[in-house]
Amino acid sequence: MGVKGFVEGGIASIIAGCSTHPLDLIKVRMQLQGESHVPNPATIQTLRPAYAFNASSATTAAPGAIHAPPPPPPRMGPVAVGVKIFQTEGVAALFSGVSATVLRQTLYSTTRMGLYDILKQKWTDPNSGNMPLVSKIAAGLIAGGIGAAVGNPADLAMVRMQADGRLPVAQRRNYKSVVDAITQMTKQEGVVSLWRGSSLTVNRAMIVTASQLATYDQVKEMIIGNGVMKDGFGTHVSASFTAGFVAAVASNPVDVIKTRVMNMKVEAGAPPPYCGAIDCALKTVRAEGPMALYKGFIPTISRQGPFTVVLFVTLEQVRKLLKNF
């Protein structure tokens, strides 16, 4: 039964991940908007009003004078980001990093789904057949954390491959596949770099898994228990979409910070752009405001909803196919 849970969860996760990959790519690009305009506290000095607002004075200023940085470009919505990717990089770019998605789902989601299934079987009351919500959340936290630790290298590769197209041509990493990405990262940055941002990945995965799987099971039980609908396609879709929404709201801030920490480029001999998760969060909020932590929320919920629906609907069908094994 334990192995079966891993197989069922893995198949459903890979199908869901590949089918919603373009939405995930758009989400990553939106989360990185404005990042290159984060001011460097070491180089910014107080500007005199004449230099900051008077164009003629600024142009005649003495050499070495500090000028105000150019304003950041306007933020684009998910549709505009998708159209820009299509126009500048081609339709194939919408599936940049899909090989990393497959590996990530194989490692991360297979592990979390299988472990959650094992814990669910052990913690379910044999008499009533129910599992308390607190136990569901605890199972999700444990399963998500372990799954994320296993899948972090693939997650890191996926983020970098998805973000590569937004960089100038000279700065692109140009990974050919997830294997090439992991190989290059190991050679250039060391094996430890494969777990860069792992604390964020683990935190996000714990939040997502606990909110997603626990919400799905709880809502499904409520729908069936209250006689709203029978155990079928309508119930699965309703419960899974609710689970996707809850997971998106809970995890988006951590996801933004995770994306930025994983995508940062560390130059030899130079300090990294971010010293850690807290430093990244503070710099992001100071430069772009608190709502920057919800950048990419629309594509997140647009992706999380369909992903969760496909995940659980596929999972229920796979369970039916494998019920005799």
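This passage describes the fold, salt bridges, second largest pocket and selected surface and loop residues of a predicted model.

The protein chain holds twelve helices and zero strands. Read along the sequence, its pattern is α-α-α-α-α-α-α-α-α-α-α-α. The chain has 325 residues, and buried residues make up 45% of them.

Helix α2 is mostly covered. Ten of its eleven residues are buried. These buried residues are H21, P22, D24, L25, I26, K27, V28, R29, M30 and Q31. Charged residues thus appear in the list, including D24, K27 and R29.

Salt bridges were searched for over the whole structure, and 17 were found. One of them joins R303 to D24, with the closest N and O atoms 3.9 Å apart. R303 lies in helix α12 and D24 in helix α2 (residues 21-31), so this pair ties together parts that are 279 residues apart in sequence. Both partners, R303 and D24, are buried. The two residues also belong to a network of salt bridges. Its members are D24, K27, R104, D155, R204, D255, K258 and R303. K27, another member of the network, is among the buried residues of α2.

A second pair is formed by D217 and K120, whose closest N and O atoms are 3.3 Å apart. The pair links distant parts of the chain. D217 is in helix α9 and K120 is in helix α6, 97 residues apart. The two partners fall into separate classes of exposure. D217 has a relative accessible area of 8%. Buried means under 20%, so D217 counts as buried. K120 has a relative accessible area of 24%. That value lies between the 20% and 50% limits, so K120 counts as partly exposed.

A third pair is formed by E316 and K220, with the closest N and O atoms 2.8 Å apart. This pair also links distant parts of the chain. E316 is in helix α12 and K220 is in helix α9, 96 residues apart. E316 is buried, and so is K220.

The second largest pocket holds about 210 Å³ of space. Its lining consists of 13 residues. K120, T124, G129, D217 and E221 lie nearest the centre of the pocket. Two of these residues, K120 and D217, are the partners of the salt bridge between α6 and α9. Three elements give two or more residues to the lining. They are α6 (98-123), α9 (198-225) and α12 (297-321). The largest share, four residues, comes from α9. By residue type, the lining divides into two nonpolar, four polar and seven charged residues.

The surface carries a nonpolar patch of about 430 Å². F245, V246, V249, M291 and Y294 make this patch. M291 is found in the loop between α11 (277-288) and α12. Its relative accessible area is 62%. Exposed means over 50%, so M291 counts as exposed.

A292 has its place in the loop between α11 and α12. In contrast to the exposed M291, A292 is buried, with a relative accessible area of 0%. The C-alpha atoms of A292 and P253 are separated by 8.3 Å. Along the chain, A292 and P253 are 39 residues apart.

V79 belongs to helix α5 (residues 78-89). The residue is exposed, with a relative accessible area of 65%. V79 and P299 are 220 residues apart along the chain, while their C-alpha atoms are separated by 9.1 Å.

The backbone at N174 was also examined. Most residues other than glycine have a negative phi. N174 is a residue other than glycine, and its phi is positive, near 55°. This residue is found in the loop between α7 (133-163) and α8 (178-189). At 49% relative accessibility, N174 counts as partly exposed. The cut-off for exposed is over 50%, so N174 stays in the class in between.

Note on methods
Residues are numbered from 1 along each chain as its sequence is written. This is a predicted model: local features need pLDDT of at least 70, side-chain atom pairs count only at pLDDT 80 or more; totals for chains, interfaces and linings use all residues. Side-chain values use heavy atoms; hydrogens and water are left out. On a 1 Å grid over the protein atoms alone, a cavity is a set of points where a 1.4 Å probe fits but cannot get out, and a pocket is an open set with protein on both sides within 12 Å along at least five of seven lines; lining residues have an atom within 4 Å of a point. Grid points are joined across faces, edges and corners, and a volume is the space filled by probe spheres set on the points. A salt bridge is a side-chain nitrogen of Lys or Arg within 4 Å of a carboxyl oxygen of Asp or Glu. Buried means under 20% relative accessible area, exposed over 50%, partly exposed in between (1.4 Å probe, protein chains only). Patches are made of residues with over 30% relative accessible area and no salt bridge: like charges are joined within 9 Å, nonpolar side chains (Val, Leu, Ile, Met, Phe, Trp, Tyr) within 5 Å. Accessible areas come from the Shrake-Rupley method with a 1.4 Å probe; for residues, only the protein chains shown count as cover.
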